[in-house]
Amino acid sequence: GTPLVAFDTLVVNHQLSSIVHRALVLKEIRLVRPTVTARIAPDGRLAVADLFESDTVVPAVADTAPASLPRLKVYALSISGGTITFIDDSRTPRYTELFEDLGLSLDGFSTLPAESGDHVLTVSFASGAAVRWTGTEVTQPLQLDGRIEISGARLSRLAQVLGDRIPLSVTDGTAGISFEYAVTQAGNSTS
């Protein structure tokens with residue numbers, strides 16, 4: 001069969017400063033040319049769904065403690081040259097989309113309280129469309145702000161993706177949109 005996940009290079013640089021921060025501190029995580037194949041089977045389930053099913057039923061345990069994020073600090077995370085192949089065998093005709101030249105850059109990511117970081121996410125599609133997401137994040141308390149830009153979306157390709165869901169025949173045109181956002185955790189005031 002087709003490989004589910006593959007990559008050319010993975011670099012993880014762990015820092016001794018983890019001891020001082022009482023957190024996992026990584027100077028660099030770099031992933032080069034990752035390849036992922038996501039497939040929906042003819043029955044509509046993810047092709048890997050059976051890997052996550054259990055033959056035994058495990059009783060749920062009531063947990064009253066609030067969940068917290070693991071203490072983590074990543075100075076630089078980058079993914080370059082990524083490819084995702086999406087295949088939907090539940091549709092007729094079979095739908096396939098190739099997402100190429102995927103990239104991610106994340107600087108100063110931290111789950112430590114009141115520490116912030118910046119992110120840039122770029123996704124390019126084989127059809128020529130692109131998505132660019134830039135912004136800043138603080139995870140404790142949650143604060144996100146940034147900008148999302150979508151450009152070069154071919155309307156005929158979008159109509160093909162939506163299939164029978166729209167009663168229109170789109171033959172040509174491109175679209176783009178951009179917007180800014182700011183999100184804060186409920187009950188959190190910022191100045």
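**Note on threonine 111, the strands and the largest pocket**

1. The side chain of threonine 111 comes to 2.8 Å from the backbone nitrogen of leucine 72, and this side chain also reaches the backbone oxygen of proline 70, at 2.5 Å. Both are polar contacts, a term for a pair of N or O atoms within 3.5 Å; within protein, one atom must be able to donate a hydrogen and the other to accept it, and residues adjacent in sequence count only if both atoms are side-chain atoms.

2. Please keep in mind that this is a predicted model, in which local features need pLDDT of at least 70 and side-chain atom pairs count only at pLDDT 80 or more, while totals for chains, interfaces and linings use all residues. Residues are numbered from 1 along each chain as its sequence is written, and side-chain values use heavy atoms, with hydrogens and water left out.

3. Threonine 111 sits in the loop between β6 (95-110) and β7 (116-125), where strands are DSSP runs of E with at least two residues and helices are runs of H or I with at least four, numbered from the N terminus. Threonine 111 has a relative accessible area of 6% and is therefore buried (under 20%, against over 50% for exposed and in between for partly exposed, with a 1.4 Å probe and protein chains only). Apart from neighbours within four places in sequence, the residues in contact with threonine 111 (heavy atoms within 4.5 Å) include Leu69, Arg71, Thr139 and Gln140.

4. Strand β6 pairs with two strands, and pairing here requires that DSSP finds at least two bridges between them. With β5 (residues 72-88), β6 runs antiparallel over 12 bridges, and a hairpin of 6 residues joins the two; with β7, β6 is also antiparallel, over 7 bridges. In the hairpin of β6 and β7, which has 5 residues between the strands, alanine 114 takes a positive phi near 65°.

5. By contrast, β4 and β5 pair in the parallel sense, over 6 bridges, and alanine 38 has phenylalanine 86 in β5 as its bridge partner.

6. Among the 16 residues that line the largest pocket, Phe125, Ala129, Ala153, Arg154 and Leu158 lie nearest its centre. A pocket is an open set of points on a 1 Å grid over the protein atoms alone, where a 1.4 Å probe fits, with protein on both sides within 12 Å along at least five of seven lines; lining residues have an atom within 4 Å of a point. At least two lining residues come from each of β6, β9 (142-154), α2 (155-162) and β10 (174-184).
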